[in-house]
Amino acid sequence: MPAVVIRPLERSEIPALVAINDAAYPAVPITPIAEFAELVDHSELALVAERGGEPIGFLLAMAPGRDYASENYRYFSDRSEDFLYIDRIVLAEGARGTGVGRALYAHVFEAARARGASEVTCEVNVQPPNPGSLAFHATLGFRELGRQSTKGGAFVVALLAAEV
């Protein structure tokens, strides 16, 4: 099996990444291409994981101070300006459980250290449940700070942080 390469996202890949994203629903929201492009524009860090030249996952992370209307990003922004926020990480089904997520997170923690942030933050759905993601984040040292209802009550998320 070819090695996984983690590299910066290229805008030409957005349609393929949207397909990976949307296949992971309801763990992440269905996202039109234009909205996904806006997320990339807000991102401090936009990474792709590829194997054999094909994208198998991605990660989008945002620094404080962005004009980004996400309820979850606002939670972390209201709490501190000392973080790097993971807005989205999605892996194609065949890439899950193979170390790709850990490799993407290693890049995020490295970027957070480089910018002097004290923590990496994110959220994980608890309604609808996403126990696999909660367990994965726990192994990386994430702790739950709280929970909030989002998208008009359609989702409940656990708000997580891990020290850099």
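**Exercise 1.** Find which exposed residues sit on the face of H2 turned away from its buried side.

*Solution.* Start with the ground rules: this is a predicted model, where local features need pLDDT of at least 70, side-chain atom pairs count only at pLDDT 80 or more, and totals for chains, interfaces and linings use all residues. Residues are numbered from 1 along each chain as its sequence is written, and side-chain values use heavy atoms, leaving out hydrogens and water.

- Locate helix H2 at residues 33-42; helices are DSSP runs of H or I with at least four residues, strands are E runs of at least two, and both are numbered from the N terminus.
- Look for exposed positions (over 50% relative accessible area; buried is under 20%, partly exposed in between, with a 1.4 Å probe and protein chains only). On the face turned away from the buried side you meet Ala-34 and Asp-41.

**Exercise 2.** Work out why Phe-36, Ala-37, Leu-39 and Val-40 share one side of H2.

*Solution.*

- First, note that Phe-36, Ala-37, Leu-39 and Val-40 of H2 are buried.
- Next, take their arc, given by the directions from the helix axis to the C-beta atoms. These residues cover only 155° around the axis, so they lie on the same side of H2.
- Finally, see what they pack against: H1, S2, S3 and S4, with contact meaning heavy atoms within 4.5 Å.

**Exercise 3.** Describe how H1 and H2 cross S3.

*Solution.*

- Use axes fitted to C-alpha atoms, for helices over the stretch in contact, with angles from 0 to 180 degrees between N-to-C directions.
- H1 (residues 14-23) runs at about 85° to S3.
- H2 runs at about 55° to S3.
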